Amino acid sequence: MQHAINPWASAQTTDYQRIFSEFGIEPIEPLVERLPKVPPFIERGIVIGHRGYEQIVEAMQQRRRFYVMTGFMPSGHPHLGHLMVMREVVWHVEQGALGYIAIADREAHAVRGISWEDCARYGREYLECLYALGFRGTTYYQSRNNRLKDLAFEAAIKVNFSDLSAIYGFGLDTSLAHAMSVITQVADILFPQLDAGPGPTVVPVGVDQDPHLRLTRDVAFKLRMFTVEDRGEYISVRSKNAPPLALKDIACRFSRAKRYEGHVDLYGEDIRKVQDVVREVEICHGGTGFYTPSSTYHTFMPGLQGGKMSSSVPASLFSFDEAEAAVKKKVMSAITGGRTTLEEQKKMGGEPERCAIFQLNLFHMLPDDAALAELRKACLAGEVVCGRCKKETAERVANFLKEFREKRSAVAHEVGP
Ligand code: TRP
């Protein structure tokens with residue numbers, strides 16, 4: 001059986017609308033007006049989909065506690081392709097989220113065969129980049145986090161082999177360690193709530209990671225003892241697999257409660273307060289009270305050479321430590337949306353949407369909205385030639401990298417061994 005999304009495949013799907021409707025990812029557009037502040041990556045159409053982001057918007061509006069978490073697989077140096085997720089994490093931290101970063105060394109070791117030493121070395125580089133971009137919060141390596149491993153084990157109780165086969169296409173030849181790295185990622189996504197108490201969590205990722213989110217959302221629900229349902233006249237708290245004492249406990253915490261065999265109906269209560277109390281009670285009785293995690297999905301930046309951006313195609317990207325001359329060369333030989341001849345270009349204009357250089361500016365190198373709009377306009381009108389545009393972009397890239405390196409060395413001491 002072919003699976004539409006395989007997180008470990010090298011091919012990248014870009015038919016986002018089809019994938020979104022097939023897998024039930026929502027467009028982010030309708031939520032934009034409720035955001036207290038619209039981040040550039042939404043404004044510029046880079047982050048386009050989500051699951052359950054409403055609860056994150058609400059948490060930001062009401063200044064309630066929420067988390068942002070994501071993970072990086074330390075299978076190589078951090079590069080241009082990682083920058084967007086890093087910026088999304090930092091933005092949410094700036095909006096008040098508690099930040100969590102997992103270095104997925106278990107996954108890198110199990111799936112990519114990276115040695116533990118290399119995992120640690122690359123892991124430090126990722127963390128350095130994050131701190132340099134303004135990240136504050138909790139970071140950990142999967143292999144060194146015992147509470148995470150215990151949580152993964154607990155989560156594993158709720159997942160069987162047929163789930164793994166349906167979601168990832170795992171078969172009889174899939175290694176057990178690969179399955180373990182999957183359940184470790186489930187635990188990553190739930191870890192902030194274990195660490196600091198139940199709360200909405202947003203996981204910014206590329207759409208390739210969506211299978212992990214579907215699985216985690218399912219596990220989070222299965223780990224709950226109760227569901228809370230608004231029935232209009234009353235609120236019904238229903239046991240899924242709660243110990244009887246926990247149900248009794250819920251009834252005792254409210255004045256107008258009717259107790260039944262497997263549920264309690266509450267009158268005159270606020271749903272939010274009921275949910276909070278139910279979570280508290282779950283935790284008292286050994287449960288988790290987890291919120292179902294949310295996610296956002298960004299589009300992928302095209303590779304500089306035109307195809308997909310991938311570390312297996314060196315010309316498609318640059319890493320942050322690459323020599324200046326090499327980076328410049330890659331930018332200067334990137335594919336553009338220019339026409340075959342200068343004459344045609346002047347007449348028909350360029351095609352910024354199909355231009356790796358324009359996308360590079362859109363994603364990262366030209367934060368000034370007015371300047372970006374101006375560039376697009378001039379390109380469409382055939383007023384800029386690609387050679388000059390590439391040269392200007394290469395200068396922006398060089399400045400960015402220089403500044404980034406300086407920031408990295410200033411924060412290097414914050415990164416542990
Ligand atoms: N599997 C992710 C990748 O390949 C890395 C990862 C590990 C992750 N844990 C995570 C991503 C938790 C998001 C959330 O890049």
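The following exchange concerns a predicted model, its ligand site and its two sheets.

Reader: What makes Glu107 a polar contact of the ligand?

Author: An N or O atom in the side chain of Glu107 is 2.7 Å from a nitrogen atom of the ligand. A polar contact requires a pair of N or O atoms within 3.5 Å, so the pair qualifies.

Reader: How do you know that Gln185 and Gln209 also make polar contacts with the ligand?

Author: A polar side-chain atom of Gln185 lies 2.8 Å from a nitrogen atom of the ligand. For Gln209, an N or O atom of the side chain is 3.0 Å from a ligand nitrogen. Both values are within the cut-off of 3.5 Å, and therefore both pairs count.

Reader: How much of the ligand's accessible area does the protein cover?

Author: On its own the ligand has 370 Å² of accessible area, and the protein covers 89% of this.

Reader: Which elements give two or more residues to the shell around the ligand?

Author: These elements are β3 (67-72), α9 (176-196) and β6 (201-206). Among the residues around the ligand are Met69, Thr70, Asp188, Ile189, Val203 and Val205.

Reader: How does the shell around the ligand divide into nonpolar, polar and charged residues?

Author: Six residues are nonpolar, four are polar and two are charged. Glu107 and Asp188 belong to the shell, and they count as charged because Asp and Glu are placed in that class. Gly71 is also in the shell; it is counted as polar because Gly is assigned to that class.

Reader: Why are β1 and β5 said to stand at the edges?

Author: Seven strands form an open sheet in the order β1-β2-β11-β6-β3-β4-β5, with mixed pairing. Each of β1 (26-27) and β5 (137-141) has a single partner strand, so one side of each is left without a neighbour in the sheet.

Reader: How do you know that β4 and β5 pair?

Author: Strand β4 (residues 98-103) is joined to β5 by five bridges in the parallel sense. Pairing requires at least two bridges, so the two strands pair. Within this pairing, Tyr100 stands opposite Thr138 in β5.

Reader: Which helices lie across strands of this sheet?

Author: Helix α1 (residues 16-23) lies across β2 (47-51) and β11 (294-298), and runs at about 10° to β2. Helix α9 lies across β3, β4, β5 and β6, at about 135° to β3.

Reader: What is the order of the sheet of four strands, and which are its edge strands?

Author: This open sheet has the order β7-β8-β10-β9, with antiparallel pairing. Its edge strands are β7 (226-230) and β9 (257-259), each of which pairs on one side only. From one strand to the next, the twist averages 20°.

Reader: What makes β8 a partner of both β7 and β10?

Author: Five bridges join β8 (residues 234-239) to β10 (residues 263-267), and five bridges join β7 to β8. At least two bridges are needed for pairing, so both cases satisfy the requirement. Val237 has Val264 in β10 as its bridge partner, while Phe226 has Ser239 in β8.

Reader: Which residue in the hairpin of β7 and β8 takes a positive phi?

Author: The residue is Gly232, with a phi near 85°; the hairpin has three residues between the strands.

Note on methods:
Residues numbered from 1 in each chain as written. Predicted model: local features only at pLDDT ≥ 70, side-chain atom pairs only at ≥ 80, totals over all residues. Heavy atoms only, no water. Near = heavy atom within 4 Å. Polar contact = N/O pair within 3.5 Å; in protein donor to acceptor, adjacent residues only side chain to side chain. Areas by Shrake-Rupley, 256 points an atom, 1.4 Å probe, with all protein chains shown as cover. Axes fitted to C-alpha atoms, helices over the stretch in contact; angles between N-to-C directions. Contact = heavy atoms within 4.5 Å.
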